[in-house]
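Dear colleague,

I am passing on the structure below, together with some notes on how its helices pack. Please read the notes with the coordinates open beside them.

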Amino acid sequence: MKLGLAAIALFLASWIVLPPPTYPLLLLAVGAPEVSVWLASLATLAAGLALMDVGRSKAARVALGLALLALALASRPLLQFAGVAAGFDAAMRSALGEHYLAHVPAGVRSEMRRTPLVVSELVRGVDRADARVTRGVPFAIHDGARLTLDVYRPAKAGRHPGVVQIYGGAWQTGSPSANAAFAGYLAGHGYVVFAVDYRHAPRWQWPAQIEDVRAALTWVRDSGQRYDADPARLALLGRSSGGQLAMLAAYEPGAPPVQAVVIYYGPVDLTEGYRHPPRPDPLHVRTIEEAYLGGTPAEEPLRYREASPITYVTRPLPPTLLVYAGRDNIVEARFGTMLQARLKRTGTTSVLLEIPWAEHGFDAISNGLSAQLALFQTERFLAWALHP
């Protein structure tokens, strides 16, 4: 039992540092750092049990070694957390101003998260407060597909800033119900969140997806006030493929103005992503992009260029928060660095935050270490941008 428990702890903790070669192992690599507190506890338990027998049993000594190695691996994100959080605070102040929250109403500031990590939420989940949720609101019909959105709004009536949330899923899967805990948290803290849908590849290829997002934005501007949203204070927030769509909707020439853009691990340059995929490549990035864009970059160069957000970073753009995962094996963190450099050259206010232990999709565990850290800074960025 001792040896088996230690081996399990080590196997799970190893995916905090090992790159995942397959999809099932990617799921472990996403989750392991986020539950490292529990993995460290499991390793500690295994070590304690082994110590009880270590003088009499070779198996116990092996178990102790495995458990201590597992504990060391599981402790890495925990030991890094404080330093990374402090670095993120410094990056926000550097980009937005030393006292960037000074103009935010006191009532809004008082409701914000006090610390980057709420230990109790590791157990009970992120607090959604008293959000009101309306699901399945239709906003468009395109090519026979009925598109809907979910609305999360504060319990208190009034006029609140709006956030359009666009889910990820390789442009092939997903629904507006994704990231419900995040949307519920924002709604419980003074934002109206519109979680929008879009058509999926390969049945519908580019540019169907951005057409749907544009239609959703038009609907929000025309009808969002019915759900207590202020269309003059609007942010776009997208994850992964949804991040690519959010950037396009905000960055394209002639795009309706938004006050802020928040991107979690979004693709930036699809041609570069195709030519130099991650190694290992558990989701087969080239296959995903071909299904989305209808071919390779050699076959569809214009589509790849049009669908790459970096194409449009040639002038000052809406303030942008970029959150990337340092161990991402789908959209590598270098793409966040690439976009940040280009945004800075155009004079755009932007912040890049890279979570060193995290993998792509880290916030699927909404109460994990990385999701809490990202939420802490996202809430501050939105408050700065949407309370002018």
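In this predicted model, helix 7 and helix 14 meet through Phe-182, Tyr-185 and Leu-186 on the side of helix 7 and Leu-375, Thr-378, Glu-379 and Leu-382 on the side of helix 14. The axes of helix 7 (residues 180-188) and helix 14 (residues 369-386) come within 12 Å and cross at roughly 40°, and since angles from 35 up to 65 degrees fall outside both the roughly parallel and the roughly perpendicular classes, the two helices are therefore oblique to each other. The crossing in which helix 7 passes helix 14 is right-handed.

Helix 13 (residues 334-345) has 12 residues, which at 1.5 Å a residue should span 16 Å, and the 17 Å between its end C-alpha atoms agrees with that. Its buried residues are Phe-335, Gly-336, Leu-339, Gln-340 and Leu-343, and because they cover an arc of only 135° around the axis, they lie on the same side of helix 13. This fits the general pattern that an α-helix has 3.6 residues a turn, so residues three or four places apart point the same way. Among the elements that cover the buried residues of helix 13 are helix 9, helix 10 (270-275), strand 7 (320-325) and strand 8 (350-355). After helix 13 comes Gly-347, with a positive phi near 85°.

Helix 9 (residues 241-251) is itself largely enclosed by the rest of the structure, because 11 of its 11 residues are buried; they include Gln-244, Met-247 and Tyr-251.

With best regards

Conventions: Residues are numbered from 1 along each chain as its sequence is written. This is a predicted model: local features need pLDDT of at least 70, side-chain atom pairs count only at pLDDT 80 or more; totals for chains, interfaces and linings use all residues. Side-chain values use heavy atoms; hydrogens and water are left out. Buried means under 20% relative accessible area, exposed over 50%, partly exposed in between (1.4 Å probe, protein chains only). Helices (H or I, at least four residues) and strands (E, at least two) are DSSP runs, numbered from the N terminus. The expected span of a helix is 1.5 Å times one less than its number of residues. The arc is that of the directions from the helix axis to the C-beta atoms. Contact means heavy atoms within 4.5 Å. Axes are lines fitted to C-alpha atoms, for helices over the stretch in contact, and angles run from 0 to 180 degrees between N-to-C directions. Angles under 35 degrees count as roughly parallel, over 145 as roughly antiparallel, 65 to 115 as roughly perpendicular and the rest as oblique. A crossing is left-handed if the near helix is turned anticlockwise from the far one by less than a right angle, and right-handed if clockwise.
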